[in-house]
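User: I'm new to this structure and would like a close look at one part of it: the salt bridges. Could you walk me through them and then show me what lies around them?

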Amino acid sequence: MRVVLISTASALLVADVALLMHDLNNYRQNWAEDLSTEASILALSIAPSMAFDDHKAAMRSLAALQAHDAISSAALYLPDGKLFADYVRPDEKAPPRQLSGTHPVTQMSGEYVIVVQPITQKNEWLGTVYLRAHYDISGRIQAYIGIFALVTLVAMAVALTLSATLQRVITDPLDAISEVAQQIIQHRDYSPRAWKSRDDEFGVVVEAFNRMLDEVQLRTQSLEQSNMALRSEVLTRQATEAALARANTRLESTMAAAEIGSWVWDSESQQYICDRNLAALYGFDGTEEVRGGMDFFLQYIHPDDLPAMMQRQSLPVEGSSHSSEFRIVRRDGGIRHILTRSMVHLDETGKPKLMSGLIIDVTRQKIAEQELRKSEALYRAIGESINYGVWVCGPDGSNTYASES
């Protein structure tokens, strides 16, 4: 019903606006033509007064224009454009004191029409007539709106009657279907059925809808049983994935604390894929994904250790572990001592499929070993530099060290 009423009102509004604009345009054109005719008549009657420079006669002719309620001001001009005589209604705008131009002019501005008409007699230009008229456009619009309101009320009443008839024939069966559908959505109950009141096309639609509900109810019952089994399986899988995620988190945290990173080499993509711990050892932040080919990681190996690493690029046999120790130059310029252990896995055809491995940061151990060697060398130098004999023996009394003294 809203669609019918809105469509009717919109159509009437568009038609009324178009008719109003057309009527106003014709109204203004008629006013302009009427004022032009008035100016022509005035020019013919005033020509003798202008020819003999009779100012009083000209003023009487202009004063006669007060019988025309629409004319707000009028004026007569000499051929040089100077004002000869004028007439102005109270509270209206006076005509200009000086006028230029000799050609006829009709100008419409708002509710005013201005007409300029030359005064001629026997092809002699005697002067110019100036008329300014006001036409009541607002009153005409109000009258038109009154007519439009009456027509609209009648049209809306007819549209309302027609829409009420359509509602009984079309909308009521659809409302019955909609009500049943709403109950199904709210209560998840497929037992309600729509009421069939007619045997026409909409009765066929209602019957088809009820049959569809019968089929949906049967399938829903089967689907609910399947969903229960699937929900149980999903819960079990989620619990397993949660336990695996916790285990992976603990493992990753433990490896991070031990400064251990892991990597996997894929033979198909020829790339190394590293975890966050290994990325941190190489100086990458936690948000960067570290992957690439052999050249990507060879660029971070210390130049002194690079030749030895180039000789170890060939893959070892399946099941055998491979370890190597080298230094890397981090992105920030720091040097780290790295110990790597890896193992190759083959596919069904015996070809290398992937290699997995660990990288351990042994920098602290290397630094400790260097400090220990320095300490041993220091104490050995002290022992050798004094004149007293110095020796070290084990718990069983056997000598492990004796100075030269």
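Analyst: Let's start with the rule: a salt bridge here is a side-chain nitrogen of Lys or Arg within 4 Å of a carboxyl oxygen of Asp or Glu. Going by that rule, there are nine salt bridges in this predicted model.

Take glutamate 325 and lysine 366 to begin with. Their closest N and O atoms are 2.5 Å apart. Glutamate 325 sits in strand β9 (residues 321-329) and lysine 366 in helix α8, so this bridge ties together parts that are 41 residues apart in sequence. How open are the two ends? Glutamate 325 is partly exposed at 40% relative accessibility, and lysine 366 is also partly exposed, at 22%. There's a network to look at as well: Asp304, Asp305 and Arg327 are joined by salt bridges that share partners.

Next up is arginine 97 with aspartate 86, whose side chains meet at 3.8 Å, N to O. This pair links distant parts of the chain, since arginine 97 is in the loop between β2 and β3 (105-109) while aspartate 86 is in strand β2, eleven residues apart. Arginine 97 is exposed, with 60% relative accessibility, whereas aspartate 86 counts as partly exposed at 24%.

Then there's a bridge within one helix. Arginine 237 and glutamate 233 come together at 3.5 Å, N to O. They are four residues apart in helix α4 (residues 201-257), which means about one helical turn separates them. Glutamate 233 is partly exposed, at 44% relative accessibility.

Now for the surroundings. Strand β2 (83-88), home of aspartate 86, is one of the elements giving two or more residues to the largest nonpolar core. That core has 32 residues, and those touching the most other members are Leu62, Leu65, Leu76, Ile119, Val129 and Leu131. The top contributor is α1, with twelve residues. Leucine 65 makes a good stop: beyond its neighbours within four places in sequence, its contacts are Glu38, Leu42, Ile71, Ala74, Tyr87, Arg89 and Leu131. A second, separate core has 21 residues, including Leu278, Met309, Ile328 and Val344.

Finally, back to helix α8, where lysine 366 lies. Helix α8 spans residues 363-385 and also holds isoleucine 382, which is partly exposed at 41% relative accessibility. Isoleucine 382 helps make a nonpolar surface patch of about 570 Å², together with Leu378, Tyr379, Ile386 and Tyr388.

How values were computed. Residues numbered from 1 in each chain as written. Predicted model: local features only at pLDDT ≥ 70, side-chain atom pairs only at ≥ 80, totals over all residues. Heavy atoms only, no water. Core = buried A, V, L, I, M, F, W, Y, C linked by side-chain atoms within 4.5 Å. Buried < 20%, exposed > 50% of the residue type's maximum accessible area, 1.4 Å probe, protein only. Contact = heavy atoms within 4.5 Å. Patch = residues over 30% accessible without salt bridge, like charges linked within 9 Å, V, L, I, M, F, W, Y side chains within 5 Å. Areas by Shrake-Rupley, 256 points an atom, 1.4 Å probe, with all protein chains shown as cover.
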